[in-house]
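Please load the model in a viewer and keep the sequence panel open beside it. The tour proceeds by selections, each followed by a short account of what is found there.

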Amino acid sequence: TELDVYASTNRADVGYLSGYVNHRGRFSNIKDSYTLAGQIFEYDNSVQSMENRIGLNGGKYIGRYTLDGDIYYQSNQYNRYAQPQVEAQQVPAVNYENFAAAFKFGDSFSDMSKVNFSVYASADYYNDKSNQLLDDAKLQQAATAVGAIVGREVATRTLLTLSLGYNGYYGLKSLDSYSDNIISATAMVNFHTKKKLDVRAGLTYSYDNLKGAEGNRKNHIFPHLYLGANLFDNGAFVPYVEVDGELVNNSFQQLQQQNPYVILSANVPNTYSYNFRIGFSGNVLKNRLSYRVYADADIVRNALYWTIMQPAYFEATVGKYTVWSINAALEYKPLSTLYFALKAKGMAYKEPAEWTVENHRPAFEGEFNARYTHRKFAVGAVARLVGKTNWSVLESPATSETEAVYQSVNYPAYVDLSLVFDWFVGKRCTLYVEGRNLANAKIYHWALYKEYGIGALAGVKVQF
């Protein structure tokens, strides 16, 4: 089931206000089997997953400034349906909720001939109502963010922006041993000529004071560089070089939002990475064809590895790797009614020789999109290719004398094919049908958790 409802109003001299409700649900049973440590496990359980969100956002125009706000409540539920040999009413579930509010006040940063500024603040409360392996565990977390950005044109076609921000993550109840305070400051200079050259350069310093996790690095300096050259003045061929980096918080809330089947274990240090890209992009054939090709090298530390702790439960561990990739993207619109897009990415990972945990990331991903729009209907197709994946299952934990022993679970490459048909009944009403996984591929976004086979979704879109 899917439901999206949006209602909005706007006055150019006053502001805007909008509310929304979003729902996604899956309720059918999925049947599968797998082998762990030489033992065969079977399950035939209800997926029973729901993602529900209700929110309100708005803005008030105050002269050249805007005060924006967004508040929402979100409730997510996921059955651990890969749990074998249990009665339907005993399938353990992941169930958590979020209350969040964010506000921002300042300029739009469109007229940089004068000083522009923006200040922001947000707060988030997370409450996990799941049935964890630990009896009476109450997992709660609060997060806050405050910051400011200021910028101005300091010379002809040269912009300077400065930003300062704070992000705090605080564990509550059973997570009270965890806290993370991150302070970041960034200075950035943008320079461009009228047509030929675009340069962005700067530095970010981040101080990361994480308590409750071992192996965390406190001081980080991330470079920022973009150098692009519009060689033919018309955007047909733009070679570029880009360097950046980032620091990513790995609190339990962030982990669960990535992998809903994760189980509470030792606190995890934060991930940080340095990224290097070189490539070229452009628009040709009167902007009907756009392309981008680039090579990427990422150095990732405290990278997340998801290992299967026991059937239906994942543990987040960290390691390090360097990944090289070749990326290509193409969009072609030969007619106003016809659209094609192609994306492909090939990756090669290098990890320490002593590292024994499988890297579950695929070595290849590709996607093809096509859509034709008629006055009365539209039809589209998406084919997504994902390379094989390998996962690690913990057979015996590490001790003071021995290292942990893992078993591998492997899944072959697959093609996920979908079709969509829209029938425009009127200017304000559309009936649609989506065919999903039409190749009936065996898809596992998470090890052991088989996804739906061939299926369809039908609905209506109404605007009034």
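The model is predicted. Begin with Asn22 and Arg53, for Arg53 in strand S5 is the bridge partner of Asn22.

**Strands S2, S5 and S6**

Extend the selection to residues 15–26, strand S2, and residues 49–62, strand S5. These two strands pair in the antiparallel sense, over twelve bridges. Next add residues 65–79, strand S6, which runs antiparallel to S5 and is joined to S5 by 13 bridges. To follow this second pairing, select Met50 and Gln77: Gln77 is the partner of Met50 in S6.

Now move to the turn of this hairpin. Two residues lie between S5 and S6, and Gly63 takes a positive phi near 65°.

Return to Arg53 and display its side chain together with that of Tyr72. The charged end of Arg53 sits over the ring of Tyr72, 3.5 Å from the ring centre. A second arrangement of this kind can be displayed by selecting Arg292 and Tyr294: Arg292 lies over the face of Tyr294, at 4.3 Å from the centre of the ring.

**Aromatic rings**

Select the side chains of Phe, Tyr and Trp. With ring centres within 6.5 Å as the criterion, the count is 29 aromatic pairs. One of them is formed by Tyr96 and Tyr126, whose ring centres are 5.7 Å apart; their planes meet at 50°, so the pair is classed as tilted. Tyr96 belongs to strand S7 (residues 93–106) and Tyr126 to strand S8 (residues 116–128), so that the pair links distant parts of the chain, 30 residues apart. Are these two tyrosines buried or exposed? Both Tyr96 and Tyr126 are buried.

For a broader view, select Tyr34, Phe41, Tyr43, Tyr81, Tyr261, Trp306, Phe314, Trp391, Trp446 and Tyr449. These residues form one aromatic cluster.

**Two asparagines with positive phi**

Most residues other than glycine have a negative phi. Select Asn287, which is not a glycine and yet has a positive phi of about 65°. Asn287 is placed in the loop between strand S15 (271–284) and strand S16 (289–310). Its relative accessibility is 59%, and Asn287 therefore counts as exposed.

Then select Asn437, where phi is again positive, at about 50°, although the residue is not a glycine. Asn437 is found in the loop between strand S24 (429–436) and strand S25 (455–462). Which side of the burial criterion does Asn437 fall on, buried or exposed? Asn437 counts as buried because its relative accessibility is 4%, where the limit for that class is under 20%.

**The largest pocket**

Switch to a surface display and centre the view on Glu2, Arg26, Arg436, Glu451 and Tyr452. Of the 34 residues that line the largest pocket, these five lie nearest its centre. The elements giving two or more residues to this lining are S2, S5, strand S20 (377–386), strand S23 (414–426), S24 and S25. The greatest contribution is that of S23, with five residues. The space in this pocket amounts to about 1000 Å³. Coloured by class, its lining shows 15 nonpolar, ten polar and nine charged residues.

**The second largest pocket**

Next select Tyr321, Lys345, Tyr349, Arg361 and Glu365, the closest to the centre of the second largest pocket among the 43 residues that line it. The volume of this pocket is about 900 Å³. Two or more lining residues come from each of strand S14 (238–248), S15, S16, strand S17 (313–335), strand S18 (338–350), S20 and strand S21 (389–396). S16 gives the most, with eight residues. In this lining, 22 residues are nonpolar, eleven polar and ten charged.

**The cavity**

The last stop is an enclosed space. How many cavities of 30 Å³ or more does a search of the whole structure find? The search finds one, and the volume of this cavity is about 90 Å³. Select Phe252, Leu255, Ser265, Ala266 and Asn267, which lie nearest its centre among the 13 lining residues. By class, the lining holds nine nonpolar and four polar residues, and no charged residues.

Notes. Residues are numbered from 1 along each chain as its sequence is written. This is a predicted model: local features need pLDDT of at least 70, side-chain atom pairs count only at pLDDT 80 or more; totals for chains, interfaces and linings use all residues. Side-chain values use heavy atoms; hydrogens and water are left out. On a 1 Å grid over the protein atoms alone, a cavity is a set of points where a 1.4 Å probe fits but cannot get out, and a pocket is an open set with protein on both sides within 12 Å along at least five of seven lines; lining residues have an atom within 4 Å of a point. Grid points are joined across faces, edges and corners, and a volume is the space filled by probe spheres set on the points. Ala, Val, Leu, Ile, Met, Phe, Trp, Tyr, Cys and Pro count as nonpolar, Asp, Glu, Lys and Arg as charged, and the others, Gly among them, as polar. Two strands pair if DSSP finds at least two bridges between them. Helices (H or I, at least four residues) and strands (E, at least two) are DSSP runs, numbered from the N terminus. Rings of Phe, Tyr and Trp (its six-membered ring) pair if their centres lie within 6.5 Å; planes under 30 degrees apart count as stacked, over 60 as edge-to-face and the rest as tilted. Buried means under 20% relative accessible area, exposed over 50%, partly exposed in between (1.4 Å probe, protein chains only). A charge sits over a ring if NZ of Lys or CZ of Arg is within 6 Å of the ring centre and within 35 degrees of the ring normal.
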